[in-house]
Amino acid sequence: MKENQDNLMEKIVSLCKRRGFIFQGSEIYGGLAGTFDLGHLGGELINNIKQSWWRKFVAEREDMYGIKAAILMRSEVWEASGHVAGFSDPLTECTKCQHRFRADQLTDTKKCPDCGGELSAPRQFNMMSKTQIGAAEDSSSTAYLRPETAQGIFVNFKNTIDAYHPKIPFGMAQIGKAFRNEITPRDFVFRSREFEQMEIEYFVKESEWEKSFEHFQKEMLSWMSELGIDMEKVHELEVLPEDRAHYSKRTVDFEFDYPFGKKELFGLAYRGNFDLTNHKLDYMDPDTNERFVPHVIEPSFGVERAFLALMLSAYAEDGEGENLRSYLKFKPHIAPVICAVSPLLKNKPELVAKAREVYALLKKEFGRVMFDDNGNIGKRYRRQDEIGTPYCIVIDFDTLGENPDLLDTVTLRDRDSGSQERLKISELVSKIKAQL
Ligand code: ATP
């Protein structure tokens with residue numbers, strides 16, 4: 001097996017469109033930069049990523065409370081959080097071609113990288129997306145589409161305490177959309193203007209922050225590996241004090257070797273008690289009646305970056321020339337399609353009927369099952385390999401009893417090795433379940 005890094009991004013972007021994972025947002029009207037629409041397979045894959053995260057960080061834990069907060073939030077929230085004043089990037093504009101750039105991403109801040117023209121002096125550009133709520137268009141109707149899911153958690157801190165009376169340490173978690181008016185959306189879904197985050201705010205006593213920080217550092221790495229991200233391409237970067245947010249005492253960025261460079265995948269930050277203090281929130285310890293402002297550890301994950309790192313980790317090629325095959329080696333619990341069921345020939349009604357029967361059985365059990373009778377078997381295997389389907393099941397004449405010893409057996413082909421085994425239909429469910 002050789003993983004071909006040449007033009008890997010182009011291959012992934014083209015595969016995503018061709019096979020219906022991800023499309024450019026508003027594509028038929030020329031596209032809306034920084035937005036993407038998910039096709040059926042992309043939707044399934046992203047659901048599986050989010051479910052796997054929720055299971056590990058919320059469902060399997062006793063100390064985590066999940067929430068789903070509104071995307072539109074009052075401007076006071078963002079004033080308190082510091083986003084109105086400080087959530088900005090330095091913007092510079094070419095005086096000749098009017099193209100805009102993030103000044104901190106340029107090597108030469110004087111010369112336009114597109115046309116060589118002169119660049120303006122950088123000014124701070126706030127990245128929040130503003131909107132109006134209701135019929136009156138005054139400042140009281142201004143609302144923001146949240147630029148991070150974290151504040152939706154903080155503003156529900158009191159609600160969660162009043163409803164569930166959690167004991168510290170405990171966490172609150174949320175998966176949801178975030179919006180940033182990025183100056184230069186780029187690198188496919190890596191830097192989008194509309195994206196999803198999976199975030200945790202873990203509330204601790206100040207004296208215990210280090211223990212929780214290290215715990216989440218390990219848990220984040222273990223989830224990446226469970227997902228199928230190539231851990232050789234993941235690097236932990238201890239963010240230097242001068243590069244950290246002023247309230248943060250420690251930040252670790254998890255970076256990934258993307259084809260366009262080593263860039264942030266996820267982040268883990270110790271936020272002190274900055275946010276709760278600004279929202280004037282605190283906690284009363286029910287055992288000691290002591291009131292204090294908890295400190296916060298924040299593991300933060302971008303769904304689209306997880307998707308991209310996973311696609312780049314899973315993409316593989318083998319064979320050469322006409323026999324070149326590309327496949328996505330997704331783990332079965334993450335694959336958008338767990339198995340595909342095919343009749344050997346599509347013009348033999350008895351084969352099709354039996355294949356439909358097996359398909360119905362597996363579909364009921366696993367949901368993510370595809371019936372595929374297009375083209376010949378070889379082509380079907382290639383197509384399923386390309387979308388990362390771990391198993392292909394074929395119903396042939398032996399299934400129907402041509403060889404009586406093989407009655408009610410099928411072939412099960414493994415995506416990565418291409419090897420096939422013959423097993424009874426009645427064994428299929430347990431065989432596949434064992435891999436999930
Ligand atoms: P970057 O430095 O790459 O702009 P950031 O440090 O601003 O990222 P955070 O504010 O820490 O990012 O956001 C938490 C996570 O959300 C990031 O680790 C990343 O996975 C994701 N994320 C942030 N901005 C974007 C974006 N524009 N598009 C897609 N995902 C994003």
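Cys339 counts as buried, at 0% relative accessibility. The model is predicted, and it holds 0 disulfides. The points below cover the cysteines, one open sheet of 3 strands, and a ligand surrounded by 15 residues.

**Cysteines**

- A disulfide is a covalent bond between the sulfur atoms of two cysteines.
- With 0 disulfides in the structure, Cys339 is in none, and the nearest cysteine sulfur, in Cys392, is 8.5 Å away.
- The sulfur of Cys94 has its closest cysteine sulfur in Cys115, at 3.6 Å.
- Because a disulfide requires the two sulfur atoms to be within 2.5 Å, the 3.6 Å between Cys94 and Cys115 is too far for a bond.
- Cys94 is buried, and its relative accessible area is 1%.
- Cys339 is buried too, since its relative accessibility of 0% falls under the 20% limit.

**Open sheet β6-β5-β7**

- The sheet is open and consists of 3 strands in the order β6-β5-β7, with antiparallel pairing.
- Its edge strands are β6, residues 100-102, and β7, residues 123-126, and each of them pairs on one side only.
- From one strand to the next, the twist averages 50 degrees.
- Strand β5 spans residues 88-93 and is joined to β7 by 4 bridges, the two strands running antiparallel.
- Ser88 has Asn126, in β7, as its bridge partner.

**Ligand surroundings**

- Of the 15 residues that surround the ligand, the closest are Glu182, Arg191, Ser192, Glu264 and Leu265.
- The side chain of Glu182 places an N or O atom 2.8 Å from a nitrogen atom of the ligand.
- Arg191 has a polar side-chain atom 2.8 Å from an oxygen atom of the ligand.
- For Arg305, a polar side-chain atom is found 3.0 Å from an oxygen atom of the ligand.
- On its own the ligand has 590 Å² of accessible area, and the protein covers 80% of this.

**Elements in the ligand shell**

- Two or more residues of the shell around the ligand come from each of β11 (194-204), β14 (261-272) and β17 (295-302).
- The most is given by β14, which supplies 4 residues to the shell.

Terms used. Residues are numbered from 1 along each chain as its sequence is written. This is a predicted model: local features need pLDDT of at least 70, side-chain atom pairs count only at pLDDT 80 or more; totals for chains, interfaces and linings use all residues. Side-chain values use heavy atoms; hydrogens and water are left out. Buried means under 20% relative accessible area, exposed over 50%, partly exposed in between (1.4 Å probe, protein chains only). Two strands pair if DSSP finds at least two bridges between them. Axes are lines fitted to C-alpha atoms, for helices over the stretch in contact, and angles run from 0 to 180 degrees between N-to-C directions. A residue is near a molecule or strand if one of its heavy atoms lies within 4 Å of it. A polar contact is a pair of N or O atoms within 3.5 Å; within protein, one must be able to donate a hydrogen and the other to accept it, and residues adjacent in sequence count only if both atoms are side-chain atoms. Accessible areas come from the Shrake-Rupley method with a 1.4 Å probe; for residues, only the protein chains shown count as cover.
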